[in-house]
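Subject: Structure for you to look at

Dear colleague,

I am passing on the structure we spoke about, together with some notes on what turned up in it. Please open it alongside this message, since the notes are meant to be read with the coordinates in view.

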Amino acid sequence: MQDDAAARDDADEPAAEGEAAARRDDDGRREAEGRREAEGRREADARRDAAEEASAFSHPPVDPDVTAAYGDHPDQVIDFYAPREPDPAVLAPLVVVLHGGAWRAPYDRRHITPFADFLARRGFAVANVEYRRGGPDPEPQGGPIPAQGGPVAPGPAGRVAAPPATGAIAGRWPDTFDDIAAALDALPALVRERLPQADPRRVVVAGHSAGGHLALWAAARHLLPADAPWHTDRPAPLRGVVALAPIADFQVAEKLDVCAGAARQLLGGETHFAERLPYADPARLLPTGIATTLVQGRTDIIVPQAVAEAYADAAAKAGEVVGLTLLEDVGHFPLIDPAADACAVVAEEIAQLAW
């Protein structure tokens, strides 16, 4: 009997090994298929993002009605756009626009001028703020910067052209923050002087990407540590903030390597990142007490949805409700593209806070 059992065991071993090998083959095929599908999705996402970026930068830049300086540096200026069809009996709400571009010098305010004009044609007065950004990286690391939009010169037929992705660091500490604080502080007087059609009592700050971070930060200056030079004694007199695909949580952005480590660079590198977070990270500066809405494309591969969700979660834990509008089949750039439906959604979100 023992011999019979041993014989059966010997006979079963090849079959068991064959089954195990077949399972391994199946697992291998599934893993390979999963990798191919994931790679296909990444390639499709990249193609979609490139098409969205091309559309956003296909519009001719729009010159402002007037430009005013809020400091002595050439970048310390604000472009003003008057509402295109103003109601003489009613002052228009003012939208302060803070452009994106990972706080890097090649990406200036000119790329967002079609969006500023789009808002002006919707009846808003607009202030498009420039600020100091990071310059060339003396020791570029990690390869070229992902294109995030922002012109250095008009392209063919006067259209805005995205600059080449060359090495540049993100932001200038503390200059970038100095400028946003100074611009917002100077704005009421400049508006009364240069844009009389605007109502300085009805102000919404709208920022895209890195500018979305700056918008959230500007609304939270009263929550900064007392030793911060930008600290204010009371909340800014804003109707609200609309942050578009914002870099809103620096620690999550770092984990995801958003814009090639831009948040870390903005704060001066790895050695200063942790100590400067309380002075710069909007997710640490809550609750603001100011109405805030985030608008985020679900298919954004530049600043992923997880970053906005982390900020909204942090706000909820701090006892503040922050609106989060998620747009299906929308990436990073349609939010500021006048030709995209998403841009109309953004204008409506602004209108809900401004009027």
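I will begin with a cysteine: Cys343 has a relative accessibility of 0%, and because anything under 20% is classed as buried, Cys343 falls in that class. Please keep in mind throughout that this is a predicted model. Cys259 is likewise buried, its relative accessible area being 7%. As for disulfides, the count comes to 0.

For the overall picture, the protein chain contains 9 helices and 10 strands, and buried residues account for 50% of its 355 residues. If one takes the contacts in the protein chain between residues at least 6 apart in sequence, 80% of them join residues that are at least 24 apart.

The interior

In soluble globular proteins, nonpolar side chains tend to be buried together. Here the largest nonpolar core has 70 residues, and the members that touch the most others are Ile78, Phe80, Leu94, Trp103 and Phe250. Helix H3, which covers residues 175-194, supplies the largest share of this core, with 8 residues. There is also a second, separate core of 29 residues, which includes Ala120, Val126, Leu335 and Ala342.

Phe250 deserves a look of its own: once its neighbours within four places in sequence are set aside, its contacts include Trp103, His213, Ala263, Leu266, Leu267 and Phe273. Leu277, Ala280, Asp281 and Pro282 are also in contact with Phe250.

Helix H3 and the aromatic cluster

Helix H3 is not straight, for it bends by about 50 degrees at Leu187, and a proline, Pro188, follows within four residues. Its buried residues include Asp175, Thr176, Asp179 and Ile180, and Leu187, where the bend was placed, is also one of them.

Phe177, which is also in H3, leads into the aromatic side chains, of which the structure holds 8 pairs. Phe177 and Trp217 make an edge-to-face pair, with 5.1 Å from centre to centre and 65 degrees between the planes. This pair links distant parts of the chain, since Phe177 is in helix H3 and Trp217 in helix H4 (residues 210-218), 40 residues apart. Both Phe177 and Trp217 are buried.

Trp217 also pairs with Trp230, and because their ring centres are 5.5 Å apart and their planes stand at 75 degrees, this pair too is edge-to-face. Trp230 lies in the loop between H4 and strand S8 (240-244), so the pair ties helix H4 to a part of the chain 13 residues away in sequence. Trp217 has a relative accessible area of 0%, while Trp230, at 4% relative accessibility, also counts as buried. Together, Trp173, Phe177, Trp217 and Trp230 form one aromatic cluster.

Helix H8

Helix H8 (residues 305-317) has 13 residues and reaches 19 Å from its first C-alpha to its last, which is close to the 18 Å expected at 1.5 Å a residue. Its buried residues are Gln305, Val307, Ala308, Ala310, Tyr311, Ala312 and Ala315, and what covers them includes H4, helix H5 (250-255), strand S9 (292-297) and strand S10 (323-327). After H8 comes Gly319, whose phi is positive, near 90 degrees.

With best wishes

Conventions: Residues numbered from 1 in each chain as written. Heavy atoms only, no water. Core = buried A, V, L, I, M, F, W, Y, C linked by side-chain atoms within 4.5 Å. Buried < 20%, exposed > 50% of the residue type's maximum accessible area, 1.4 Å probe, protein only. Helix = DSSP H or I, 4+ residues; strand = E, 2+ residues; numbered from the N terminus. Contact = heavy atoms within 4.5 Å. Bend = angle between axes of the 7 residues up to and from the residue. Disulfide = S-S within 2.5 Å. Phe/Tyr/Trp six-rings, centres within 6.5 Å; stacked < 30°, edge-to-face > 60°. Expected span 1.5 Å × (residues − 1).
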